[in-house]
Amino acid sequence: MIILVAKKNELNKATADLADLKTQLATNQENLTKALANLAQAKSGLDQANKDLASSKEKLVSKQTSLASAKSALAEAQAKLIELQQAPQTLAKAKETLDQANKNLEIAKENVEKAQQAYDEAKSNNDVAQKDLEDAKNSLAQVQEKQSQAQSAYDKAMKAYNDYLKAQQAVKDAEEKAKAEHTYFAQTANGKVVDEKGHIMVGYSVKGNQVFDAQGKLVGTLAQTSTTRRMANTVKQENAKALPQTGDKQNNNTTVGAILVGLGSLLGLGALGKRKED
(Lines give C-alpha, C1' and ligand atoms only; values in the text may rest on other atoms or scores of the structure.)
Protein backbone atom coordinates (compact mmCIF):
# COMPACT_ATOMS: atom_id res chain seq x y z
CA MET A 1 0.00 0.00 0.00
CA ILE A 2 2.92 2.38 0.68
CA ILE A 3 4.14 1.78 -2.87
CA LEU A 4 0.63 2.39 -4.21
CA VAL A 5 0.33 5.68 -2.30
CA ALA A 6 3.75 6.73 -3.57
CA LYS A 7 2.75 5.82 -7.10
CA LYS A 8 -0.52 7.74 -6.73
CA ASN A 9 1.43 10.80 -5.53
CA GLU A 10 3.75 10.40 -8.51
CA LEU A 11 0.69 10.16 -10.75
CA ASN A 12 -0.81 13.36 -9.30
CA LYS A 13 2.46 15.21 -9.80
CA ALA A 14 2.89 13.71 -13.29
CA THR A 15 -0.70 14.67 -14.17
CA ALA A 16 -0.11 18.28 -13.01
CA ASP A 17 3.19 18.39 -14.86
CA LEU A 18 1.48 16.92 -17.90
CA ALA A 19 -1.18 19.65 -17.87
CA ASP A 20 1.48 22.35 -17.52
CA LEU A 21 3.51 20.80 -20.29
CA LYS A 22 0.47 20.57 -22.58
CA THR A 23 -0.17 24.31 -21.95
CA GLN A 24 3.49 25.11 -22.56
CA LEU A 25 3.47 22.92 -25.65
CA ALA A 26 0.44 24.80 -27.03
CA THR A 27 2.14 28.15 -26.27
CA ASN A 28 5.35 26.99 -27.93
CA GLN A 29 3.39 25.79 -30.94
CA GLU A 30 1.71 29.22 -31.22
CA ASN A 31 5.09 30.94 -30.87
CA LEU A 32 6.50 28.61 -33.51
CA THR A 33 3.70 29.53 -35.90
CA LYS A 34 4.31 33.25 -35.30
CA ALA A 35 8.05 32.80 -35.72
CA LEU A 36 7.54 30.98 -39.02
CA ALA A 37 5.22 33.78 -40.19
CA ASN A 38 7.78 36.39 -39.15
CA LEU A 39 10.50 34.43 -40.92
CA ALA A 40 8.46 34.31 -44.13
CA GLN A 41 7.77 38.05 -43.87
CA ALA A 42 11.45 38.78 -43.21
CA LYS A 43 12.47 36.67 -46.22
CA SER A 44 9.95 38.54 -48.38
CA GLY A 45 11.31 41.89 -47.12
CA LEU A 46 14.86 40.72 -47.80
CA ASP A 47 13.98 39.67 -51.35
CA GLN A 48 12.36 43.06 -52.04
CA ALA A 49 15.31 44.89 -50.50
CA ASN A 50 17.71 42.88 -52.69
CA LYS A 51 15.66 43.80 -55.75
CA ASP A 52 15.68 47.48 -54.77
CA LEU A 53 19.42 47.30 -54.15
CA ALA A 54 20.06 45.75 -57.58
CA SER A 55 17.87 48.40 -59.24
CA SER A 56 19.68 51.18 -57.38
CA LYS A 57 23.03 49.76 -58.42
CA GLU A 58 21.93 49.75 -62.07
CA LYS A 59 20.76 53.36 -61.81
CA LEU A 60 23.99 54.36 -60.09
CA VAL A 61 26.07 52.78 -62.84
CA SER A 62 23.93 54.51 -65.45
CA LYS A 63 24.30 57.89 -63.75
CA GLN A 64 28.02 57.38 -63.32
CA THR A 65 28.27 56.61 -67.04
CA SER A 66 26.32 59.80 -67.78
CA LEU A 67 28.66 61.71 -65.50
CA ALA A 68 31.69 60.31 -67.31
CA SER A 69 30.12 61.23 -70.63
CA ALA A 70 29.38 64.76 -69.39
CA LYS A 71 32.94 65.13 -68.18
CA SER A 72 34.22 63.88 -71.53
CA ALA A 73 31.92 66.34 -73.37
CA LEU A 74 33.09 69.13 -71.11
CA ALA A 75 36.70 68.27 -71.86
CA GLU A 76 36.00 68.23 -75.57
CA ALA A 77 34.11 71.57 -75.31
CA GLN A 78 36.96 73.11 -73.40
CA ALA A 79 39.43 71.85 -76.02
CA LYS A 80 37.29 73.26 -78.80
CA LEU A 81 36.92 76.53 -76.92
CA ILE A 82 40.69 76.84 -76.74
CA GLU A 83 40.96 75.99 -80.38
CA LEU A 84 38.26 78.43 -81.36
CA GLN A 85 39.27 81.34 -79.19
CA GLN A 86 40.79 82.85 -82.32
CA ALA A 87 37.56 82.27 -84.25
CA PRO A 88 34.95 84.79 -83.11
CA GLN A 89 32.32 83.40 -85.47
CA THR A 90 32.36 80.04 -83.60
CA LEU A 91 33.05 81.40 -80.14
CA ALA A 92 29.40 82.04 -79.32
CA LYS A 93 28.45 78.51 -80.41
CA ALA A 94 31.31 76.98 -78.47
CA LYS A 95 30.35 79.01 -75.42
CA GLU A 96 26.76 77.79 -75.80
CA THR A 97 28.03 74.23 -76.05
CA LEU A 98 30.17 74.79 -72.99
CA ASP A 99 27.23 76.24 -71.06
CA GLN A 100 25.08 73.27 -72.02
CA ALA A 101 27.86 70.91 -71.05
CA ASN A 102 28.10 72.64 -67.65
CA LYS A 103 24.34 72.33 -67.21
CA ASN A 104 24.51 68.66 -68.18
CA LEU A 105 27.33 68.20 -65.69
CA GLU A 106 25.29 69.76 -62.88
CA ILE A 107 22.30 67.64 -63.79
CA ALA A 108 24.52 64.55 -63.91
CA LYS A 109 25.96 65.43 -60.50
CA GLU A 110 22.47 65.82 -59.05
CA ASN A 111 21.43 62.53 -60.59
CA VAL A 112 24.52 60.84 -59.19
CA GLU A 113 23.75 62.25 -55.72
CA LYS A 114 20.15 61.04 -55.95
CA ALA A 115 21.32 57.66 -57.15
CA GLN A 116 23.81 57.49 -54.27
CA GLN A 117 21.07 58.37 -51.78
CA ALA A 118 18.79 55.71 -53.27
CA TYR A 119 21.62 53.19 -53.10
CA ASP A 120 22.38 54.09 -49.46
CA GLU A 121 18.69 53.80 -48.55
CA ALA A 122 18.39 50.46 -50.33
CA LYS A 123 21.52 49.19 -48.58
CA SER A 124 20.15 50.34 -45.22
CA ASN A 125 16.85 48.55 -45.94
CA ASN A 126 18.80 45.47 -46.92
CA ASP A 127 20.75 45.58 -43.64
CA VAL A 128 17.51 45.93 -41.67
CA ALA A 129 15.91 43.07 -43.58
CA GLN A 130 18.99 40.91 -42.99
CA LYS A 131 18.86 41.64 -39.25
CA ASP A 132 15.11 40.85 -39.16
CA LEU A 133 15.84 37.56 -40.90
CA GLU A 134 18.54 36.64 -38.36
CA ASP A 135 16.23 37.61 -35.46
CA ALA A 136 13.46 35.46 -36.92
CA LYS A 137 15.86 32.52 -37.28
CA ASN A 138 17.00 32.91 -33.67
CA SER A 139 13.40 33.10 -32.43
CA LEU A 140 12.55 29.98 -34.43
CA ALA A 141 15.51 28.11 -32.94
CA GLN A 142 14.46 29.12 -29.40
CA VAL A 143 10.87 28.03 -29.96
CA GLN A 144 12.00 24.70 -31.42
CA GLU A 145 14.30 24.12 -28.42
CA LYS A 146 11.47 24.85 -25.96
CA GLN A 147 9.17 22.56 -27.92
CA SER A 148 11.78 19.79 -27.78
CA GLN A 149 12.16 20.24 -24.00
CA ALA A 150 8.39 20.22 -23.51
CA GLN A 151 8.06 17.05 -25.61
CA SER A 152 10.80 15.34 -23.55
CA ALA A 153 9.09 16.30 -20.27
CA TYR A 154 5.75 15.12 -21.68
CA ASP A 155 7.27 11.74 -22.60
CA LYS A 156 8.70 11.37 -19.06
CA ALA A 157 5.32 12.21 -17.52
CA MET A 158 3.55 9.67 -19.74
CA LYS A 159 6.11 7.01 -18.77
CA ALA A 160 5.53 7.75 -15.07
CA TYR A 161 1.77 7.53 -15.63
CA ASN A 162 2.08 4.18 -17.45
CA ASP A 163 4.38 2.85 -14.70
CA TYR A 164 1.76 3.82 -12.14
CA LEU A 165 -0.98 2.04 -14.09
CA LYS A 166 1.19 -1.10 -14.27
CA ALA A 167 1.88 -0.93 -10.53
CA GLN A 168 -1.81 -0.36 -9.81
CA GLN A 169 -2.75 -3.37 -11.98
CA ALA A 170 -0.08 -5.49 -10.24
CA VAL A 171 -1.54 -4.57 -6.83
CA LYS A 172 -5.04 -5.32 -8.09
CA ASP A 173 -3.93 -8.69 -9.48
CA ALA A 174 -2.19 -9.51 -6.18
CA GLU A 175 -5.31 -8.56 -4.20
CA GLU A 176 -7.54 -10.66 -6.48
CA LYS A 177 -5.14 -13.60 -6.22
CA ALA A 178 -5.05 -13.29 -2.41
CA LYS A 179 -8.85 -13.10 -2.33
CA ALA A 180 -9.09 -16.14 -4.60
CA GLU A 181 -6.77 -18.09 -2.28
CA HIS A 182 -9.26 -17.54 0.57
CA THR A 183 -12.44 -18.14 -1.45
CA TYR A 184 -13.34 -21.81 -1.49
CA PHE A 185 -15.43 -23.94 -3.82
CA ALA A 186 -16.30 -27.62 -3.97
CA GLN A 187 -16.77 -29.88 -6.98
CA THR A 188 -19.49 -32.49 -7.19
CA ALA A 189 -19.19 -35.96 -8.68
CA ASN A 190 -20.88 -34.75 -11.84
CA GLY A 191 -18.31 -31.91 -12.25
CA LYS A 192 -20.42 -28.98 -11.03
CA VAL A 193 -18.81 -26.19 -8.97
CA VAL A 194 -20.49 -25.16 -5.68
CA ASP A 195 -19.67 -22.02 -3.66
CA GLU A 196 -19.74 -21.66 0.14
CA LYS A 197 -23.39 -20.54 0.04
CA GLY A 198 -24.37 -23.75 -1.70
CA HIS A 199 -24.95 -22.13 -5.09
CA ILE A 200 -24.05 -24.02 -8.26
CA MET A 201 -21.83 -21.69 -10.27
CA VAL A 202 -22.81 -21.98 -13.94
CA GLY A 203 -19.89 -21.77 -16.37
CA TYR A 204 -17.22 -22.20 -13.66
CA SER A 205 -14.37 -24.63 -14.31
CA VAL A 206 -11.61 -26.28 -12.28
CA LYS A 207 -7.95 -26.60 -13.21
CA GLY A 208 -5.87 -28.34 -10.59
CA ASN A 209 -7.01 -26.75 -7.33
CA GLN A 210 -7.93 -23.42 -8.94
CA VAL A 211 -11.45 -22.31 -9.88
CA PHE A 212 -12.14 -20.01 -12.85
CA ASP A 213 -15.35 -18.17 -13.81
CA ALA A 214 -17.01 -18.21 -17.24
CA GLN A 215 -14.61 -15.51 -18.48
CA GLY A 216 -11.56 -17.51 -17.42
CA LYS A 217 -10.76 -15.28 -14.41
CA LEU A 218 -9.29 -16.90 -11.27
CA VAL A 219 -11.97 -16.59 -8.56
CA GLY A 220 -11.12 -19.16 -5.88
CA THR A 221 -9.56 -22.39 -4.65
CA LEU A 222 -11.01 -25.89 -4.74
CA ALA A 223 -11.40 -27.18 -1.16
CA GLN A 224 -10.65 -30.80 -0.35
CA THR A 225 -13.77 -30.90 1.83
CA SER A 226 -16.82 -28.65 2.03
CA THR A 227 -16.21 -25.58 4.19
CA THR A 228 -19.87 -24.77 4.98
CA ARG A 229 -23.04 -26.75 5.63
CA ARG A 230 -24.79 -25.30 2.59
CA MET A 231 -21.88 -26.29 0.39
CA ALA A 232 -21.93 -29.80 1.86
CA ASN A 233 -25.69 -30.15 1.34
CA THR A 234 -25.51 -29.08 -2.32
CA VAL A 235 -22.57 -31.44 -2.96
CA LYS A 236 -24.52 -34.25 -1.30
CA GLN A 237 -27.58 -33.61 -3.45
CA GLU A 238 -25.57 -33.42 -6.69
CA ASN A 239 -23.57 -36.53 -5.81
CA ALA A 240 -26.82 -38.38 -5.14
CA LYS A 241 -28.03 -37.38 -8.60
CA ALA A 242 -24.83 -38.70 -10.09
CA LEU A 243 -25.21 -42.16 -8.45
CA PRO A 244 -26.41 -44.95 -10.79
CA GLN A 245 -30.11 -46.04 -10.52
CA THR A 246 -30.97 -49.30 -8.62
CA GLY A 247 -32.58 -52.31 -10.33
CA ASP A 248 -29.60 -53.69 -12.19
CA LYS A 249 -28.55 -56.84 -10.32
CA GLN A 250 -25.06 -56.73 -11.74
CA ASN A 251 -24.47 -53.24 -10.30
CA ASN A 252 -26.15 -53.72 -6.91
CA ASN A 253 -22.94 -54.36 -5.03
CA THR A 254 -21.18 -51.45 -6.76
CA THR A 255 -24.12 -49.13 -6.10
CA VAL A 256 -24.32 -50.05 -2.43
CA GLY A 257 -20.57 -49.58 -2.03
CA ALA A 258 -20.69 -46.17 -3.69
CA ILE A 259 -23.56 -45.12 -1.45
CA LEU A 260 -21.66 -46.19 1.67
CA VAL A 261 -18.55 -44.31 0.55
CA GLY A 262 -20.64 -41.23 -0.26
CA LEU A 263 -22.36 -41.36 3.13
CA GLY A 264 -19.03 -41.67 4.89
CA SER A 265 -17.69 -38.67 3.00
CA LEU A 266 -20.78 -36.63 3.74
CA LEU A 267 -20.57 -37.47 7.44
CA GLY A 268 -17.02 -36.14 7.44
CA LEU A 269 -18.10 -33.00 5.59
CA GLY A 270 -20.95 -32.48 8.03
CA ALA A 271 -18.53 -32.53 10.92
CA LEU A 272 -16.44 -29.83 9.22
CA GLY A 273 -19.55 -27.80 8.50
CA LYS A 274 -20.33 -27.54 12.22
CA ARG A 275 -17.05 -25.72 12.72
CA LYS A 276 -17.61 -23.19 9.88
CA GLU A 277 -21.22 -22.09 9.43
CA ASP A 278 -22.09 -19.64 6.59
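Student: Is Lys95 buried, partly exposed or exposed, and what is its relative accessibility?

Tutor: The model is a predicted one, so every value here is computed from it. Lys95 has a relative accessibility of 47%, and therefore counts as partly exposed, since that class lies between 20% and 50%.

Student: With which residue does the side chain of Lys95 meet in a salt bridge?

Tutor: Side chains of opposite charge can pair when their charged atoms come close. In this structure, Lys95 meets Asp99 in a salt bridge, at 3.4 Å from N to O. Both residues belong to helix 2 (residues 88–181), where they are four residues apart, about one turn of the helix. Asp99 is partly exposed as well, with a relative accessible area of 33%.

Student: How many salt bridges does the structure hold, and which residue pairs with Glu30?

Tutor: There are nine salt bridges in the structure. Glu30 pairs with Lys34, and their closest N and O atoms are 3.6 Å apart. Both lie in helix 1 (residues 2–84), again four residues apart, about one helical turn. Glu30 counts as partly exposed at 45% relative accessibility, and Lys34 counts as partly exposed at 47%.

Student: Are Glu238 and Lys241 buried or exposed?

Tutor: Glu238 counts as buried, at 4% relative accessibility, whereas Lys241 is exposed, with a relative accessible area of 60%. Salt bridges that share partners join Lys192, Glu238 and Lys241 into one network. Within that network, the side chains of Glu238 and Lys241 meet at 3.4 Å, N to O. These two residues are three residues apart in helix 3, so about one helical turn separates them.

Student: Which residues does Thr234 contact, leaving aside its neighbours within four places in sequence?

Tutor: Thr234 lies in helix 3 (residues 229–242) and counts as buried at 12% relative accessibility. Beyond those sequence neighbours, Thr234 is in contact with Val194, Gly198 and Ile200. Val194 falls within strand 2 (193–195).

Student: In what order do the strands of the sheet stand?

Tutor: Strands of a sheet pair through backbone hydrogen bonds, either parallel or antiparallel. Here the sheet is open and has five strands in the order 2-1-5-4-3, with mixed pairing. Strand 2 (193–195) and strand 3 (205–207) stand at the edges; each has a single partner strand, so one side of each lacks a neighbour in the sheet. From one strand to the next, the twist averages 40 degrees.

Student: How many bridges join strand 4 to strand 5?

Tutor: Three bridges join strand 4 (residues 210–212) to strand 5 (residues 218–222), and the two strands run antiparallel. One bridge partner can be named: Val211 is matched with Gly220 in strand 5.

Student: What pattern does the protein follow along the sequence?

Tutor: The protein has four helices and five strands, and the pattern reads α-α-β-β-β-β-β-α-α. Of its 278 residues, 24% count as buried. Among contacts with a separation of 6 or more, 70% are between residues 24 or more positions apart. The accessible surface comes to about 18900 Å², of which 53% belongs to carbon and sulfur atoms.

Student: What is the mean pLDDT of the protein, and where is the pLDDT below 50?

Tutor: The mean pLDDT is 84, and 85% of the residues reach 70 or more. Over residues 247–261 the pLDDT is below 50, and this stretch has five contacts beyond near neighbours in sequence. Residues 267–272 also stay under 50, with five contacts beyond four places in sequence.

Notes: Residues are numbered from 1 along each chain as its sequence is written. This is a predicted model: local features need pLDDT of at least 70, side-chain atom pairs count only at pLDDT 80 or more; totals for chains, interfaces and linings use all residues. Side-chain values use heavy atoms; hydrogens and water are left out. pLDDT is the predictor's confidence in each residue, from 0 to 100. Contact means heavy atoms within 4.5 Å. Two strands pair if DSSP finds at least two bridges between them. Axes are lines fitted to C-alpha atoms, for helices over the stretch in contact, and angles run from 0 to 180 degrees between N-to-C directions. Buried means under 20% relative accessible area, exposed over 50%, partly exposed in between (1.4 Å probe, protein chains only). Accessible areas come from the Shrake-Rupley method with a 1.4 Å probe; for residues, only the protein chains shown count as cover. A salt bridge is a side-chain nitrogen of Lys or Arg within 4 Å of a carboxyl oxygen of Asp or Glu.
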